[in-house]
Amino acid sequence: MSQSTKKIHYAWWVLLGLVVMVGAAKGGIMTTGGLFLTPVTEELGIGMGSLTLYFSISSIVTMISLPIAGKMITKYNIRALLVVAVILEAGSFAMFGFMNSVWGWYLFAIPMAMGSVLVTQLAGPVLINNWFKKHRGLAIGIMVGAGGLIGAFLQPVAGNLIASEGWRNTYIILGVGVMAVVIPVVLLTIRMAPQQKGLQPYGMDEMKPNQENQVSTTTNSGVSFKIAKKSSAFYFLIIFFLFDTSIGAFNQHVAPFAMSLGYDIKFAGNAMGTWSVGVVIGALFFGFLSDKIGVKNTTIAAMLIGLVPVGILLTTPENPLMFTMATGLYGFVVSSLGTLGPLLTTALFGNKEFSQIYGLAITGLAIAGIVALPGYGFIFEVTGSYTYVLYGIFIMFILNVGAIIFAFKGKKKLEQAGLWHE
């Protein structure tokens, strides 16, 4: 009887820690940010575009920090890094509650982004890559879904707190609460690699003895960072991340969009809760589907499904039921970025230097934040509507289908050139 049948493999405890960390940081901080935009702009007399510029600052910092964090995560104690990162992210979010000028958001966006890079973007995929050889797609789906599940609870809570306690107190409550919950969990559960616990990655001990060397070699197969970053596959992967993040960035504008149509803050919070439910279901669904039909086909399917909620929001947004359904389906599709992004990177370039390749590739996320988040706000200011924003998102879904097709053509070129090493 193998050891894995006698007790729970520690990989699942690492995943539990990631679920709490990523779920609280995303569901409690990142996705609730949009609920604050309208009350803050109204009370402080700040334009929507001006306030959402802090998302651009955050994205610039993210773009600078990603390659650095990709190297730090392999050199320093992962738990110490994550504790500092949680304090930076959640602590900065709490500080927004004390601000009286838009410059406060611009200032604290810097440490918030520095912490978020590790907590919500890099640590999860890298740790799952280290700990799981079996059910890797499912593990990533569970982690991403956690953000939606916790967000499904916290979005309505945050909306009601803003309505009853004010936006200032809500910033503080959420920020302090995330630190109080996440830091102990990180210290108790997170470890960088199975070797630190005297273990093999989950699934390795289920392989037949004559397959061990093959599995070990496959684990280290792929393209080097130096070669990958110059390939067409890499550039199309960045384009995919850029468009997909721009598509997902609309979640920060769902609440203002709803209120521009006459809905109140509580309805907006509930709609965002539905978005989060969609993220939970989508993350698990796309993780499972990628194991069945491949990550390429799954990603293309996700992009085509995304045309449906955008079409609903363009045609019948005044209908509360249709608005809520569209928001949930939108969240379902957006979950594909967190779930399929790491899997796409592995499918295109292998595991050889995953953390460096993935850390650089997702700079597309940061570039999208620099342009899309405030861009949507300024378009709303100028036109008084999100119609043109939604048309742009519709087009980006279509363009992303092309990006994926060409990325995998680029992979074939790498293989034909003999640059993929087993």
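**Note on the predicted model**

1. I begin with L314, whose place is in helix α16, a helix made up of residues 307–315. Please keep in mind while reading that the structure is a predicted model. L314 counts as partly exposed because its relative accessible area is 25%, and partly exposed is the class between buried, under 20%, and exposed, over 50%. In sequence L314 stands 184 residues from N130, and in space the two are 43 Å apart, taken from C-alpha to C-alpha.

2. Helix α7 deserves a careful look, and two of its residues make a useful pair to study. W103 is found in α7, and T120 lies in α7 as well. W103 counts as exposed because its relative accessibility is 62%, whereas T120, with a relative accessible area of 11%, is buried. The side chain of T120 reaches the backbone oxygen of S116 at 2.8 Å. W103, for its part, is 49 residues from Y54 along the chain, and the C-alpha atoms of W103 and Y54 are separated by 8.7 Å.

3. Y54 leads on to helix α5, where it is one of the buried residues, together with others including F55, V61, L66 and I73. Helix α5 covers residues 53–75, which makes 23 residues, and from its first C-alpha to its last it reaches 33 Å, close to the 33 Å expected at 1.5 Å a residue. What interrupts the line of α5 at S65? A kink of about 40° lies there, shortly before the proline P67, and S65 is itself among the buried residues of this helix.

4. Helix α12, formed by residues 232–248, has 17 residues and reaches 24 Å from its first C-alpha to its last, close to the 24 Å expected at 1.5 Å a residue. Why may α12 be described as largely enclosed by the rest of the structure? The reason is that 12 of its 17 residues are buried. Among these buried residues are the phenylalanines F234, F240, F241 and F243, and they also include D244, T245 and S246.

5. Helix α14, with 29 residues running from 265 to 293, reaches 40 Å from its first C-alpha to its last, close to the 42 Å expected at 1.5 Å a residue. Both ends of this helix offer a detail worth finding in the model. At the start of α14, a side-chain oxygen of D264 comes to within 2.8 Å of the backbone nitrogen of F267, while just after the helix G294 takes a positive phi of about 95°.

6. The largest nonpolar core has 137 residues, and within it F250, F349 and I393 touch the most other members. Which helix gives the most to this core? It is α7, residues 102–131, with 15 residues.

7. Finally, the structure holds 2 cavities of 30 Å³ or more, and the second largest cavity contains about 30 Å³ of space. The lining of the second largest cavity is made by P125, I128, N129, R136, I140, P342, L343, T346 and F354. At least two residues of that lining are supplied by each of the helices α7, α8 (136–165) and α17 (320–349). Helix α7 is thus a good place to return to, since it appears here in the lining and also as the helix that gives the most to the largest nonpolar core.

Note on methods
Residues are numbered from 1 along each chain as its sequence is written. This is a predicted model: local features need pLDDT of at least 70, side-chain atom pairs count only at pLDDT 80 or more; totals for chains, interfaces and linings use all residues. Side-chain values use heavy atoms; hydrogens and water are left out. Helices (H or I, at least four residues) and strands (E, at least two) are DSSP runs, numbered from the N terminus. The expected span of a helix is 1.5 Å times one less than its number of residues. The bend at a residue is the angle between axes fitted to the seven residues ending there and the seven starting there. Buried means under 20% relative accessible area, exposed over 50%, partly exposed in between (1.4 Å probe, protein chains only). A polar contact is a pair of N or O atoms within 3.5 Å; within protein, one must be able to donate a hydrogen and the other to accept it, and residues adjacent in sequence count only if both atoms are side-chain atoms. A nonpolar core is a set of buried Ala, Val, Leu, Ile, Met, Phe, Trp, Tyr and Cys residues joined through side-chain atoms within 4.5 Å. On a 1 Å grid over the protein atoms alone, a cavity is a set of points where a 1.4 Å probe fits but cannot get out, and a pocket is an open set with protein on both sides within 12 Å along at least five of seven lines; lining residues have an atom within 4 Å of a point. Grid points are joined across faces, edges and corners, and a volume is the space filled by probe spheres set on the points.
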